[in-house]
Amino acid sequence: MLLMGLLLVLALATLPFTSACTTEDGEDGEDGEGPTSIRMGLSTPLSGDAAAWGIAQLRAVEMLADEYNAEGGIYIEAAGEKLLIEVIAYDDKYTPSETTICATRLIEQDEVHFIHNMGEEMATTIAPMAREAGIIQWGTSWELSDPNPDFPLSFSDLMRNQEMYAALITWFHEQHPEVTNIGSWALNNAGGLLEHGIIEATAGDLGMDVVFWDVFDWGTTDFTPLILPALDAGVEAFFSSSAPPDAVGNFIKQARDLGFDGYFCITMSETHWIAEIAGYENAEGLIDIGEIGEPIPAAAQKYADAYLEKYGPPLSTMCLIPWLQGSQPLFQAIERTQSLIAEVIAEELRTGTFITVGGECWFGGAEFYGIDNQIQMPMPISVCMDGVPVTVDWVVAAPYPD
Amino acid sequence: MSGELFSQTLLVGINLGAFYALIALGFTLMFGIMGVLNMAHGTIYMVGAMIAFYIYGQAGLSFFIALPLAMLITGLFGVLVERFLIRPSGGELLQVWLITVALWLGLQGVAYLVFGFIARGVPPPVTGTTTVLGLGISNYRLLIIGVAAVLIGGVYYLIHRTKIGLAMRAVEEDKIAATIQGVNLNMLNGFVFLVGFALAGAAGALMAPAYSISPTIGLTPLLKAFMIVALGGMGSVPGAIAGGMLLGLADSFLGVQFGMSMAYILTWIMIIVILIFRPKGLMGAY
């Protein structure tokens, strides 16, 4: 009796937040011929260390869906009418095993027309599934092998290390030519290791030395064993890519605690969360490429207002740029082609240009990836001032490294 | 390794060790006296951190009010857990273990609902640095060491200088004989849970300004607690203190010397080697 009660408690406790697939929104797929709605699926982290990214991605897609649905949806020729957009999201906890379950459910049960994802191992997991299902994969990944000619329906919706990092280091060097010793710290995964290679190559060309680098695992909160030898080596600026906001916040706090007074440079994070964790004074001057700051561009202001109305403060700047910026081409491609056929939309994506909240973007990268499935878009550079990101410049991707 | 790096690493290691010892102390108390492997220990640490977040970070009260309040709230929660969840189970190992797992997951679920998914932070209650051994160490790290030392010292005094501590040691040695001698087991168990949970809550509140706060922060302290009690000896209070300090110094020096990922592996190898030569841990009785 007691054991049954305990098992019931355990089941109830685990169901809402730790079950493999937690429905955030959406309905079951409908029966019948022809599309009756445009189903956007997301397998994305909605809990855990990567939740800041996943929630931002989901909200970006939801806001775009709301925008089009307010006008009755998107006209699809096969349906002969406008179709509303459904957003169906499951929490994959940023793990491949959960991603498999979520993606299977999205593809086979919900019959989504598009599947969004987050993270390299997760993108690699979904790519063959999307190819087999004949649907477009719209993913964020730092994996060197993505995009890939073997997966022509898999697109990358964010600028990645290859596109951004060289641009960031070059910009930083122009602003701070006196800094010569830099340090790199990254997640212990393919993206993190790739980041180090790009930093070394770019920094060397600019006359800077990478005097320290190390990797850390997901869930790390104490970075002092990494910071101490870096300070001993004389690091003047720390560079990191793909670290979650709480890791960045902990790192900055602990580095300042140990006496570091140099620069921090990151990619695509959430400055106000970092500043809260690190302390406003400690985060002052934090440089972030890919995060839009104040003032919000006019094109993004309506989305900022819509975000605050729907989700409340604080505004997630990551939601606007890069995720909303990265999702707009997909919606525009559907609108232009008036089709849900993946190959038709893919061709439009590869050949067209798209107007986004951050300016004009297109898809390229064939010279590096072998296929033009990598988004190319101008990237903002923001600096943290009193806990708020302030946009100070816009840059474009540097030429691809050898 | 330069002299300055060595000294800084030593200071950080002592700081970590004090935190680890605090985390492990409550865990080993509950196992040593009651035979309870508290899988919710890390979650109570998380609760302590969140209490500090709301009282100190959000309501703006002093951190030195938030810390004892966190201990009081988590400690009283421990009394309720022992009375209404653990005691009815009759103390069967598997059932108790399952109860604490359910508590762990349930509390984490509630934390997601109340606190949310995104990590938050609170500022340190003291700022600035003090020179120790010719090196600057942040005043907050010194505070952590000081508070942890006071709490650990308090527990040591409780166990070795008070009647209730004598009762705890008696039960740990021979439960039946202690009962015959008049020890009220139910009251004692409730007290052990109060102290164990309060220590975990204290660790969480104390470390809240040092690390980010989120519903998932309890797993690492739980893992560290297991490592330390295995290293120091299951149920041994001095072992928990020694094991905590040893692990803190190992994490610091091995991390600095070999990198964080390799340090994690080397730490486990160290524990295995120690257990091969001392299967009961450094000071274990089991």
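This note goes through helix α2 of chain A, its links to helix α11, and the contact between chains A and B in what is a predicted model.

1. Helix α2 of chain A covers residues 51-70, and its length is consistent with its residue count: at 1.5 Å a residue, the 20 residues should span 28 Å, and the end C-alpha atoms are indeed 28 Å apart. Just after this helix, A:Gly72 takes a positive phi of about 95 degrees.

2. As to its surroundings, 15 of the 20 residues of α2(A) are buried, so the helix is largely enclosed by the rest of the structure. Two acidic residues of the helix deserve separate mention, since A:Asp66 is partly exposed with a relative accessible area of 37%, and A:Glu67 counts as partly exposed at 27%; the range for that class runs from 20% to 50%.

3. A:Asp66 forms a salt bridge with A:Lys310, in which the closest N and O atoms are 2.6 Å apart. This pair links distant parts of the chain, with A:Asp66 in helix α2 and A:Lys310 in helix α11 (residues 298-311), 244 residues apart. The lysine partner, A:Lys310, is partly exposed as well, with a relative accessible area of 42%.

4. The side chains of A:Lys302 and A:Glu67 also meet in a salt bridge, with an N to O distance of 2.7 Å. Here too the pair links distant parts of the chain, A:Lys302 lying in helix α11 of chain A and A:Glu67 in helix α2 of chain A, 235 residues apart. A:Lys302, at 48% relative accessibility, counts as partly exposed. Over all chains, the count comes to 9 salt bridges.

5. Turning to the interface, 40 residues of chain A are in contact with 41 residues of chain B. The area buried between the two chains is about 3,400 Å², of which carbon and sulfur atoms give 65%.

6. Between chain A and chain B there are 11 residue pairs in polar contact, counting pairs with both residues at pLDDT 80 or more. On the chain A side, α1 (2-18), α2, β9 (209-216), α7 (224-233), α8 (245-257) and α9 (271-278) each supply at least two of the residues that touch chain B; helix α2 of chain A, described above as largely enclosed, is thus among the elements that contribute to this side. The most comes from α1(A), which gives 8 residues. By residue class, the side of chain A that touches chain B divides into 21 nonpolar, 10 polar and 9 charged residues.

7. The count of salt bridges between chain A and chain B is 2. In one of them, the side chains of A:Asp257 and B:Arg141 meet at 2.8 Å, N to O.

8. B:Arg120 forms a salt bridge with A:Glu276, the closest N and O atoms being 2.7 Å apart. This pair crosses between chains, from B:Arg120 in the loop between α4 (93-114) and β1 (129-132) of chain B to A:Glu276 in helix α9 of chain A. B:Arg120 counts as partly exposed at 24% relative accessibility, and A:Glu276 likewise counts as partly exposed, at 23%; for both residues the limit that matters is the one for buried, which requires a value under 20%.

Conventions:
Residues are numbered from 1 along each chain as its sequence is written. Chains are lettered from A and ligands numbered from 1 in the order in which they are written. This is a predicted model: local features need pLDDT of at least 70, side-chain atom pairs count only at pLDDT 80 or more; totals for chains, interfaces and linings use all residues. Side-chain values use heavy atoms; hydrogens and water are left out. Helices (H or I, at least four residues) and strands (E, at least two) are DSSP runs, numbered from the N terminus. The expected span of a helix is 1.5 Å times one less than its number of residues. Buried means under 20% relative accessible area, exposed over 50%, partly exposed in between (1.4 Å probe, protein chains only). Contact means heavy atoms within 4.5 Å. Buried area is the accessible area (1.4 Å probe) that two parts lose on being put together, summed over both. A salt bridge is a side-chain nitrogen of Lys or Arg within 4 Å of a carboxyl oxygen of Asp or Glu. A polar contact is a pair of N or O atoms within 3.5 Å; within protein, one must be able to donate a hydrogen and the other to accept it, and residues adjacent in sequence count only if both atoms are side-chain atoms. Ala, Val, Leu, Ile, Met, Phe, Trp, Tyr, Cys and Pro count as nonpolar, Asp, Glu, Lys and Arg as charged, and the others, Gly among them, as polar.
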